[in-house]
Amino acid sequence: MKPLLLCCLFACTSLWLNAQTIKGRLIDAQTRQGIPLVNLILTKPNQSKAVKYAASDSTGSFELKDVELGKYLLSATLMGYQQIQREIDLTAQDSKVLALGDILMAEDPNLLKEVTITGGTPSFSTQNGQLRIGVANNAFFKSSVNLLDVFRKLPGLQVNQDGTMQMASRAAPTLFVDGKPVNMNNDEILTYLSSLSPDMVESIEMINQPSARYDGEYQGIIDVKLKRNQSLGFRGTYNVRLQRNNYSLLDNNLSLVYKSNRFIYDVKLGHTTGSTFYKYHALQFLPSTNAMITDTRTVTANRNYNIQAKVAYELQKGQSLEAFVRTYQIDRTATSRNLLTTQTADLANTIGLVKSDNDALPKQRYYAGGLNYDAQFRHSELHVIASVAQIDNRQTEDIQNRNVFSDQLMNYWKTNSSNNILIRTAQADYTQNLGQGKLDFGGKFAYTTTQNKLRYDTLGNNVFSLDPNRSNEFRYEEYIAAAYLSYSGQWDKFKYNASLRAEHTSTKANSITTGLVTDRKYLKWLPSASLTYAINPTEQLTLSYSRRMTRPTFAMLNPFRFYYSPRHYWIGNPYLQPSTTSLLSLSYSRKALNISLNAGRENDPMERYPEYNPSTNELIFLGRNIPYRNFVNLLASLPITLNKWWRMNNNVSFYYNKELRPYFGRSYQIPIYSYTLNGSQVFSLKDWLLDVSYSYESKSGNGLYLMKPVYGIDFGLQKAWFGNRVNTKLTLYDAFDNLKRRLVFRDQTIFNNDFYHYFGAQRLVFALTYNFGSSTYKARESKKTEEENRAN
């Protein structure tokens, strides 16, 4: 046995000693700029079987490691460019690194007549079933005010007016930056996306089926690849955005980065001031034949700011240590005016009219800090992350309900709520080259505690006293331990990946007010696998499977009442179970054409839907687990260049959804069919760019509600000044003021509920970006944890 082990060790050592690295940089022959996302294939002469695959990074650089000695043919292909082929001969006399230098790639004039966008970053490409979209220099995104606008144009991604997002799997995506999850809560994510202009982002990668390497919570990932340059020196970017609809909102963001030989200093400052507008309108017919009309208008004044500071130090070549601290401070004043009108069934006579005034002062103090260690060795990589985050929420409310007819004060409440969340996480990931592939394994531990108090004081006999029926105190503890193992490799024209993740969760929910304590422990196994077949360099087919889970957010577990109107509120549920989604996907890509078919089943999905109490005329939205949801969707996207001054991009999605939803002793299983269309018509007019974007969502819904169709059209105008140092954009959103999400309750024998939400979508926005400094280096964003996502 010992001689055999020695022979194996000697053989492996010989292979490593004889292995070499090939590196170079692909640049545009005209612009002399690096070209990202180029597909590189290394083959033996007169053989089609690939020895190595690679893709260039955002600077056009590429690297092929552990290549054995011999003769090879290196091919570089990318939509819109002529194919490059180069013969390579690796001998023992050569150094361990073969530097090819800059390789020029010329545009392919024949493809201009097909589906290519010339003169910038390639628009769309697919790798292993994951869609990559070039952003910087892409004409489709130049007129977009910020990265959030770019997200609204991405195929298979739905961005709602309140900023929430859904991917093809109907799951909310997790935001990554440069391959790492960002360290931001929900408000910060929207602020961050709004602070980035498209020319600061090289590309976006959409991962509909994350492997077991990622947390089980990540059902979908959007990875933002920032533009980067390794030049030393100082760089700054200032963004300002002025929005005007019913009110004005001003965003200011300043980013400063300085890079020396071994240090990187990165500081980001942001400030938001001004107001936003929200309207909620509902018509509810009661079984007593009366009708109740709720009309709520909320104006929220903002005084928010955020600070990020990071220092990265290169310990030695390939090893770096990064420390970061950050804070996000929210100070808002939310003024809500509500009218609750009671009318006869024919809406002819008004029986009652109640005016509700709600003045709220929500505040949030968010602090986070941590250390990240990254090491790249010859045949392996190690990444270690440790972080702590403290989130403190405070809110006071003053709620008065008055009978308009008699001008009599009906009731008067004061509330005081506090929510403290402390999150500690530690994670390690290790990658080792093994054979023709890579072995990944790692683990994570997270410990979260939340403390929540809500106090209601009600006016009676001119004295405020505690209302025990609505006051509550709730504490929650959660331990998560996870481990994963993954292997990926390639054989001939096939690429494959198989992985398994296990997550053990232990929770304790303590409702101190009611004296109920709920302990829960569960173990989830989350496998995933994918297989990609390269039909040719520009055409591929991918089949993949994954199982992911979704834990309830901490707000969904909170058993507190939050009022929309005197008889309309939502309440959390500490007994919610996590849901599990199994997804099977088949995707096909050919040049710029991308088609994907996804089918899956979600068990125990979490929903918040209403229950009507006929004795009190209250409409209560409760968080519940429904048994299951089945879904199928088909997505297709195709950018087309008609000529040099007219480009278009069109995305279409078809959806099928069927869920089992028990409600008031009945079980609803209603199949839902819907489709969405969105796209852009981009016109280049000398130095100006005009973008007409559109979106349409057909009638859809769920087991309880019908959702009416909705459409929106935006007009954008963009121009760069002073050698691209200054970029200005003017955009009119929702030009025809139609983006109102309207829902109608299906079963009117229970009660008739018809309502809509409106977030002031029609608005005029002016944005300006100014770049200054001698360097174009862009540092990576802070790390984020799944638990911090759920804290919002």
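Two strands count as paired here if DSSP finds at least two bridges between them. Applied to this predicted model, that criterion picks out a three-stranded open sheet with the order β4-β1-β7 and mixed pairing. The edge positions go to β4 (61-67) and β7 (97-105); each has a single partner strand, so one side of each is left without a neighbour in the sheet. Going from one strand to the next, the twist averages 20 degrees. Strand β1, residues 20-28, runs parallel to β7, and seven bridges join the two. To pin down the register, take T21: its bridge partner in β7 is V97.

Next comes an open sheet of four strands, ordered β3-β2-β5-β6 and paired in the antiparallel sense. Here β3 (50-55) and β6 (84-90) sit at the edges with a single partner strand each, so one side of each has no neighbour in the sheet. The twist in this sheet averages 20 degrees from one strand to the next. Inside the sheet, β2 (residues 39-43) and β5 (residues 70-77) make an antiparallel pair over five bridges. A handy marker for how these strands line up is I41, which stands opposite S75 in β5. In general terms, the strands of a sheet pair through backbone hydrogen bonds, either parallel or antiparallel.

The two sheets are also linked in sequence by a loop between β1 and β2, and Q33 is found in that loop. Leaving aside residues up to four places away in sequence, Q33 touches L26, I27 and D28. The C-alpha atom of Q33 is also separated by 8.0 Å from that of G60, although the two residues are 27 residues apart along the chain.

Now for the empty space. Rolling a probe the size of a water molecule over the atoms shows where such space is left. Searching the whole structure this way turns up 10 cavities of 30 Å³ or more. The second largest cavity has a volume of about 200 Å³. Its lining comprises 20 residues, and those closest to the cavity centre are Y192, S195, N253, K268 and N306. Elements giving two or more residues to this lining are α3 (186-195), β16 (233-244), β17 (248-259), β18 (263-285), β19 (291-316) and β20 (319-343). The largest share, four residues, comes from α3. By residue class, the lining of the second largest cavity splits into seven nonpolar, nine polar and four charged.

Backbone torsions bring up a couple of oddities. Most residues other than glycine have a negative phi. L347 has a phi near 60 degrees, a positive value in a residue other than glycine. It is D734 that gives another such case, with a positive phi near 45 degrees, again in a residue other than glycine. Both are loop residues: L347 is found between β20 and β21 (350-376), and D734 between β44 (726-733) and β45 (741-745). Are these residues buried or exposed, or partly exposed? With 37% relative accessibility, L347 counts as partly exposed, because that class covers values between 20% and 50%. D734 counts as buried because its relative accessibility is 1%, and the cut-off for buried is under 20%.

Terms used. Residues numbered from 1 in each chain as written. Predicted model: local features only at pLDDT ≥ 70, side-chain atom pairs only at ≥ 80, totals over all residues. Heavy atoms only, no water. 1 Å grid on protein atoms, 1.4 Å probe; cavity = no way out; pocket = protein on both sides within 12 Å on 5 of 7 lines; lining within 4 Å. Points joined across faces, edges and corners; volume = space filled by probe spheres on them. Nonpolar A, V, L, I, M, F, W, Y, C, P; charged D, E, K, R; others polar. Axes fitted to C-alpha atoms, helices over the stretch in contact; angles between N-to-C directions. Contact = heavy atoms within 4.5 Å. Buried < 20%, exposed > 50% of the residue type's maximum accessible area, 1.4 Å probe, protein only.
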